[in-house]
Amino acid sequence: MHRINPMAADPIRPERPEYFMNIAMAVRERANCLGSRVGALLVLGYRVIATGYNGTPEKMPNCDQGGCERCANREHYESGTAYDICICVHAEQNALLSAARFGTAVEGADLYTTTRPCFGCTKELLQAHVNSVYYMHEWTHPDERLAQEYERLQSRFPGGVKKVELFDPREDWARGRSGAASPGAKAAGDQT
């Protein structure tokens, strides 16, 4: 892992996984989920073709404004559960949906995401024929009985699933371990 200092006289050029993960961290700044904040991007031919971050659907109140029952009452729901009542769209889903909305094919693309995709996003990425997944922070299925199935599903990416070791200066905020707000918090329903 390289520590990049852009002010250095001769900065180290980041490798592609680090370069794209830094972009995913910038995208993540738009997320306002009260749990985890995730940024994702799809890359094809070393070009970013779509980005996404987690949050409520467009034109709906954001999580920090009571838009999501699950986020508003986190103490009632174990991490990784009750997605059926959560109205938030995951970062990986938003990247896929953004590409679809604008007619951009994603087959063969690589996904860079700040958190390893959940079970549902993994299925959607496989169905879209995404080649590989690069992630920074681990996500494990909370039900140990399903962990093996989750790993089996993730093993189906032709290019594999790879952890990118990179310093994350906002890890506590992104993983919901602090009450710090994102710089430039957005207005209700602002998803752009």
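1. Start with the parallel pairing in this predicted model: strand 4 and strand 5 (residues 160-163) run parallel and are joined by 4 bridges. If you want a register marker, take Tyr135, whose bridge partner in strand 5 is Lys163. Between the two strands the chain passes through helix 5, and the resulting β-α-β crossover is right-handed.

2. The antiparallel side of things centres on strand 1. Strand 1 pairs with strand 2 (residues 47-53) through 6 bridges, running antiparallel, and Gly39 has Tyr53 as its bridge partner in strand 2. Strand 1 also pairs with strand 3 (residues 110-115), again in the antiparallel sense, over 4 bridges. There, Val43 stands opposite Asp110 of strand 3. With partners in both strand 2 and strand 3, how much of strand 1 is covered? Mostly: 5 of its 6 residues are buried.

3. A quick word on the hairpin. Strand 1 and strand 2 are connected with 2 residues between the strands, and Gly45 in this hairpin has a positive phi near 60°. Another glycine worth a glance is Gly103, which follows helix 3 and has a positive phi near 70°.

4. Two positive phi values belong to residues other than glycine, and I'd look at both. Lys59 has a phi of about 70° and lies in the loop between strand 2 and helix 2 (69-72). With a relative accessibility of 72%, Lys59 counts as exposed. His129 has a phi near 65° and is found in the loop between helix 4 and strand 4. His129 is partly exposed, at 45% relative accessible area.

5. Now the packing. Nonpolar side chains tend to be buried together in soluble globular proteins. Here the largest nonpolar core has 17 residues, and the ones with the most contacts inside it are Leu42, Leu96, Leu111, Leu125, Val130 and Phe157. Strand 1 (39-44), helix 3 (91-101) and helix 4 (119-127) are the elements giving two or more residues to this core, and helix 3 gives the most, with 4 residues. Val130 shows how the pieces meet: leaving aside neighbours within four places in sequence, Val130 is in contact with Leu42, Leu96, Ala109, Leu111, Leu125, Phe157 and Pro158. A second core, separate from this one, has 11 residues, including Phe20, Met25, Val43 and Tyr134.

6. Helix 3 deserves its own point. Which of its residues are buried? They are Ala91, Glu92, Asn94, Ala95, Leu96 and Ala99, so a charge-bearing name like Glu92 is on that list too. The cover over these buried residues includes strand 1, strand 2, strand 3 and helix 4.

7. On to the aromatics. The count comes to 5 aromatic pairs. One of them is Trp139 with Tyr150, which is edge-to-face, with 5.2 Å from centre to centre and 70° between the planes. The two residues are 11 apart, with Trp139 in the loop between strand 4 (132-137) and helix 5 (144-154), and Tyr150 in helix 5. Are these two rings' residues buried or exposed? Trp139 is buried at 12% relative accessible area, and Tyr150 is buried at 1%. Elsewhere, ring pairs link Tyr19, Phe20, Tyr112 and Tyr134 into a cluster; of these, Phe20 and Tyr134 also turn up in the second core.

8. Two arginines sit over rings. The charged end of Arg16 is over the ring of Tyr46, 3.7 Å from the ring centre. Arg170 does likewise with Trp173, at 4.1 Å from the ring centre.

9. Finally, the cysteines. Cys86 lies in the loop between helix 2 and helix 3 and is buried, with a relative accessible area of 13%. Which residues does Cys86 touch, not counting those up to four places away in sequence? Cys68 and Arg70. Cys86 and Cys68 are 18 residues apart along the chain, and their C-alpha atoms are separated by 6.1 Å.

Technical notes
Residues are numbered from 1 along each chain as its sequence is written. This is a predicted model: local features need pLDDT of at least 70, side-chain atom pairs count only at pLDDT 80 or more; totals for chains, interfaces and linings use all residues. Side-chain values use heavy atoms; hydrogens and water are left out. Rings of Phe, Tyr and Trp (its six-membered ring) pair if their centres lie within 6.5 Å; planes under 30 degrees apart count as stacked, over 60 as edge-to-face and the rest as tilted. Buried means under 20% relative accessible area, exposed over 50%, partly exposed in between (1.4 Å probe, protein chains only). A charge sits over a ring if NZ of Lys or CZ of Arg is within 6 Å of the ring centre and within 35 degrees of the ring normal. A nonpolar core is a set of buried Ala, Val, Leu, Ile, Met, Phe, Trp, Tyr and Cys residues joined through side-chain atoms within 4.5 Å. Contact means heavy atoms within 4.5 Å. Two strands pair if DSSP finds at least two bridges between them. A crossover is right-handed if, with the strands pointing away from the viewer, the path from the first strand over the helix to the second runs clockwise.
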